[in-house]
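Below are some notes on this model, set out as numbered points for discussion. Please read them alongside the sequence and the coordinates.

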Amino acid sequence: MKPIQVGLLGIGTVGSGTFNVLQRNQEEIRRRAGRGIEIAMVADLDTERARSVVGDTAKVVGDAREIIANPDIDVVVELIGGYGIAKALVLEAIAAGKHVVTANKALLAVHGSEIFKAAADKGVMVAYEAAVAGGIPIIKALREGLTANEIQWVAGIINGTTNFILSEMRDKGLDFDVVLKEAQRLGYAEADPTFDIEGVDAAHKVTLMSAIAFGIPVQFDKAHVEGITKLSAADIKYAEQLGYRIKLLGITKRTDKGIELRVHPSLVPTKRLIANVEGAMNAVVVHGDAVGTTLYYGKGAGSEPTASAVIADLVDIARLHTADPEHRVPPLAFQSSTLAAAGGELPVLPMSEVVTSYYLRIRVADEAGVLAKITGILANAGISIDALLQREAGEVVGDNEGSQGVPQTDLIILTHATREGDMDAALGQIQQLPTVLAPINRIRKEELN
Ligand code: HSE
C-alpha cells in the first residue's frame, strides 16, 4: 500500500525530531501501521533550515497553504504553535479533508470545541497526543487504556520548566527569581517564560485531560490558573520540614457538585512518587474507580520525546483513516453527542467551591495571645487544624526582626480539607489582625491518596 502522505507545518525542534525518528524507525513503524508513513512536504518560513533537515526527501515550501492545497497530502501535522495562524491553518486543513496532528495545547484548550466540531462535520481526525506531557502517552491512557473507569481525579506535573525551577529552588535554597535567570541562561526556560511560570501552559494541558477524563467540553476559560512566581525558598524549606514538597500541579477532580479544574503550587507528601519527580520531567497520576491509582512518568518536552507522540498519532491515523468516523476513537474519549449533556450536569466549579487542605505561613509579632486569635478565627470558620509549627525566633527562615524592631516569628499551619470560600473569608479576618505583620502565604495541599 502507498505510504500515507504527511505535510509538516513547521520544522523546528519537534518537526525535525519527527522527521529523524520516522527515518530511523521506518521499518518498525511500517510493520505497526500496516503501511509506510512519509513526510512528503514541509512548510517553514526558514526554507533553508527545513532543507538542511529533510534534504531532498521532501518538498520544502515557504507557504503552508501549498501543503493544504495539495490533494496528495493525507495528514497535516501542525507544529507552529499559538492561536493565530495555527488556528487558521488547522481549520483550513480540516476543510480540505486532511486529518490533523497537532502538539498545540493552547489552540485545543481554547478553541478545541470549534476544531473538533469542524473535524467531525468533515469526517476527519484531529489527534493531539503530543499536546499533553510530551512523550508520555497520557491521552491514549486516559482515552483508551482506562476506558472502563469512572475517572475520579487526575493530577500532574505537566510543565517541565516550572518543575526544573522548583527542583533547583529546593536543592539550592534559592528564590524563584534567581533560579529563573539561571534556567534561562541554561536554555531550559524560554526568553518569555510567562506561559510556563504563570501556570498557563499547565492549565492548557489539564483542561484537555479534564475533558477526556470526565466527558465535558474543553473549558480553559473556567480553569483556575496560578503559577510559581510568588513561591519563596522559605515555603519550600518549611514544607520539607513538615514532610512535603511543593510542586506545580494541574488538578482536575470529579466531586458531587461538579468538576474542579485548577493549576497552582501544591504541597504533596514527600512519600508520594510524584513528589519525587525532579528537574524537567513530567508525571501524571490518574485515579479511576476500577483501576485505583496509576502513574505515568517521562519527558514532557524535547525533540524526540514529543516526536514519539506525534508519530503515535500518525500511526493511529494510518490504521484508522479508512474506518467509518463513528468507529474511530472519539477525540475527547466520549461520543460527542454525550459531551454537552455531561457538561451541563458536571459544571466546572468556581475556586470558592473547591475543597482542599492548606499550608499557611503567617508572619506574626512574637507576643502573647497571637496564636489564640488566629486559631479562634479558623475555629469559627469551621476550619480544622492538622498541624502547627511555630519556629523559635532563631529558626525562622529569613529575617526575624521587622523594621520597627518587633520580634517576629513564622507561624506555619496545616489545615484539614475545607471549602476555599471559607478559607478566603477566614484569611481576610486574620490578615486584619495588627499582630499579623506581612501578607499571609497560602499554598494548597494535596494528599493524593
Ligand atoms: N514549555 C513546556 C514545559 C513544554 O516546560 O514543559 C511544552 O509544553
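1. A good place to begin is Leu8, whose bridge partner in strand 4 is Val77. Its neighbour in the same register is Gly7, which has Val76 as its bridge partner in strand 4. Strand 1 and strand 4 (residues 75-78) pair in the parallel sense over four bridges, where pairing requires that DSSP finds at least two bridges between two strands.

2. The model is a predicted one, in which local features need pLDDT of at least 70 and side-chain atom pairs count only at pLDDT 80 or more, whereas totals for chains, interfaces and linings use all residues. Residues are numbered from 1 along each chain as its sequence is written, and side-chain values use heavy atoms, with hydrogens and water left out.

3. Strand 1 also pairs with strand 2 (residues 37-43), in the parallel sense and over six bridges, and in strand 2 the bridge partner of Val6 is Ile39. These strands belong to an open sheet of six strands with parallel pairing and the order 3-2-1-4-5-6. The edge strands of this sheet are strand 3 (59-61) and strand 6 (126-127), each of which pairs on one side only.

4. How is strand 1 placed with respect to the rest of the structure? Six of the six residues of strand 1 (residues 4-9) are buried, so strand 1 is largely enclosed by the rest of the structure; buried here means under 20% relative accessible area, with a 1.4 Å probe and protein chains only. Both faces are covered, with Ile4, Val6 and Leu8 buried on one side and Gln5, Gly7 and Leu9 buried on the other.

5. Helix 7 (residues 138-145) has buried residues as well, namely Ile138, Ile139, Ala141, Leu142 and Arg143. What covers them includes strand 7 (151-157), helix 11 (200-214), strand 11 (281-288) and strand 12 (292-299).

6. Turning to the whole protein chain, there are 16 helices and 17 strands, taken as DSSP runs (H or I of at least four residues for helices, E of at least two for strands) and numbered from the N terminus. The radius of gyration is 24 Å, close to the 22 Å that the globule rule gives for 449 residues, so the protein chain is as compact as a globular protein of that length; the radius is taken over C-alpha atoms, and the rule is 2.2 Å times the number of residues to the power 0.38.

7. Of the 449 residues of the protein chain, 55% count as buried. Along its principal axes, the C-alpha trace of the protein chain spans about 80 × 45 × 35 Å.

Methods
Buried < 20%, exposed > 50% of the residue type's maximum accessible area, 1.4 Å probe, protein only. Contact = heavy atoms within 4.5 Å.
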